[in-house]
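Work through the following exercises with the sequence and the structure open beside you, and try each task before you read its solution.

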Amino acid sequence: MVQFEAKTTTGGELIAVVTQVGTVQNTILSNPVTPLKSAWNSGEFFVNSSQAQLNLDARAKLPEDTSELTINLYVDGEVVRTAKVVGKGEKSVSLDFSFLEP
């Protein structure tokens with residue numbers, strides 16, 4: 001079971017989240033009808049470990065020098081990868097994970 005998560009602090013707003021499982025990519029963009037706001041998650045879903053590669057990218061507008069954009073990848077309910085960026089302005093962060101890594 002896999003879950004992707006992206007979140008901001010101090011009033012940050014997610015602009016876009018891109019997930020990739022194997023060769024299948026999904027882009028989620030914030031818009032007036034379905035805003036991402038300050039947090040998003042994919043919900044849990046099954047991934048065959050033969051898919052090998054998982055990727056997560058996120059972009060956000062951060063209002064303060066201490067604002068954070070954090071992304072997490074959960075496998076079987078445990079965080080296996082985290083990436084974070086701190087600062088003001090439009091920031092991006094990404095992570096990848098392979099089931100084939102030792």
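## Exercise 1: Aromatic pairs

The structure, which is a predicted model, holds 2 aromatic pairs. Classify each pair by the angle between its ring planes, and state how accessible the rings are.

**Solution.** Begin with Phe4 and Phe45, whose ring centres are 5.8 Å apart and whose planes stand at 40°, so this pair is tilted. Next, find the two partners in the chain: Phe4 belongs to strand β1 (residues 2-8) and Phe45 to the loop between β4 (39-41) and β5, so the pair ties together parts that are 41 residues apart in sequence. Then turn to Phe97 and Phe99, where the ring centres are 5.2 Å apart and the planes are at 85°; because planes over 60 degrees apart count as edge-to-face, this second pair is edge-to-face.

Finally, consider accessibility, for which buried means under 20% relative accessible area. Phe4, with a relative accessible area of 1%, is buried, whereas its partner Phe45, at 24%, counts as partly exposed. In the other pair, Phe97 is buried with a relative accessible area of 12%, while Phe99 is partly exposed at 24%.

## Exercise 2: Strands and their partners

Determine how strand β5 is joined to strand β2 and to strand β8, and give one pair of opposite residues for each case.

**Solution.** Take β2 as the starting point: this strand covers residues 13-21, and 8 bridges join it to β5, which covers residues 53-62. The two strands run antiparallel, and Leu14 stands opposite Ala60 in β5.

Now go on to β8, which covers residues 89-98 and is joined to β5 by 10 bridges, again with the strands running antiparallel. Here Lys61 stands opposite Glu90 in β8.

## Exercise 3: Salt bridges

How many salt bridges does a search of the whole structure find? Locate the partners in each, and explain which parts of the chain they tie together.

**Solution.** The search of the whole structure finds 2 salt bridges. In one of them the side chains of Glu90 and Arg59 meet, with a distance of 3.2 Å from N to O. Since Glu90 lies in strand β8 and Arg59 in strand β5, the pair ties together parts that are 31 residues apart in sequence. Glu90 is exposed, with a relative accessible area of 53%, whereas Arg59, at 32%, counts as partly exposed.

A salt bridge also links Glu68 with Lys84, and in this case the closest N and O atoms are 3.7 Å apart. Glu68 lies in strand β6 (residues 68-75) and Lys84 in strand β7 (residues 78-86), so this pair ties together parts that are 16 residues apart in sequence. Glu68 counts as partly exposed, at 24% relative accessibility.

## Exercise 4: A buried charge

Side chains of opposite charge can pair when their charged atoms come close. Why does Glu5 have no salt bridge, and what does its side chain make polar contacts with?

**Solution.** First place the residue: Glu5 lies in strand β1, and it is buried. The nearest side chain of opposite charge is that of Lys7, 4.0 Å away. A salt bridge needs a side-chain nitrogen of Lys or Arg within 4 Å of a carboxyl oxygen of Asp or Glu, and Glu5 has no salt bridge. Because that cut-off is not met by any partner, Glu5 is left without a salt bridge.

Next, look at the polar contacts: the side chain of Glu5 makes one with the side chain of Asn72 (2.7 Å) and another with the side chain of Tyr74 (3.0 Å). When neighbours within four places in sequence are left aside, the residues in contact with Glu5 include Trp40, Leu56 and Thr70.

## Exercise 5: Two residues to compare

Decide for Asn55 and for Leu100 whether the residue is buried or exposed, and describe where each one lies.

**Solution.** Asn55 lies in strand β5 and is buried, with a relative accessible area of 16%. Its side chain makes a polar contact with the side chain of Gln53 (3.3 Å). Leaving aside neighbours within four places in sequence, Asn55 is in contact with several residues, among them Phe4, Val18 and Leu95.

Leu100, by contrast, is found in the segment after β8 and counts as exposed, at 65% relative accessibility. As a last step, compare positions along the chain and in space: Leu100 and Leu73 are 27 residues apart along the chain, and their C-alpha atoms are separated by 16 Å.

Methods
Residues numbered from 1 in each chain as written. Predicted model: local features only at pLDDT ≥ 70, side-chain atom pairs only at ≥ 80, totals over all residues. Heavy atoms only, no water. Pairing = 2+ DSSP bridges. Helix = DSSP H or I, 4+ residues; strand = E, 2+ residues; numbered from the N terminus. Buried < 20%, exposed > 50% of the residue type's maximum accessible area, 1.4 Å probe, protein only. Phe/Tyr/Trp six-rings, centres within 6.5 Å; stacked < 30°, edge-to-face > 60°. Lys, Arg positive; Asp, Glu negative; His and termini not counted. Polar contact = N/O pair within 3.5 Å; in protein donor to acceptor, adjacent residues only side chain to side chain. Contact = heavy atoms within 4.5 Å.
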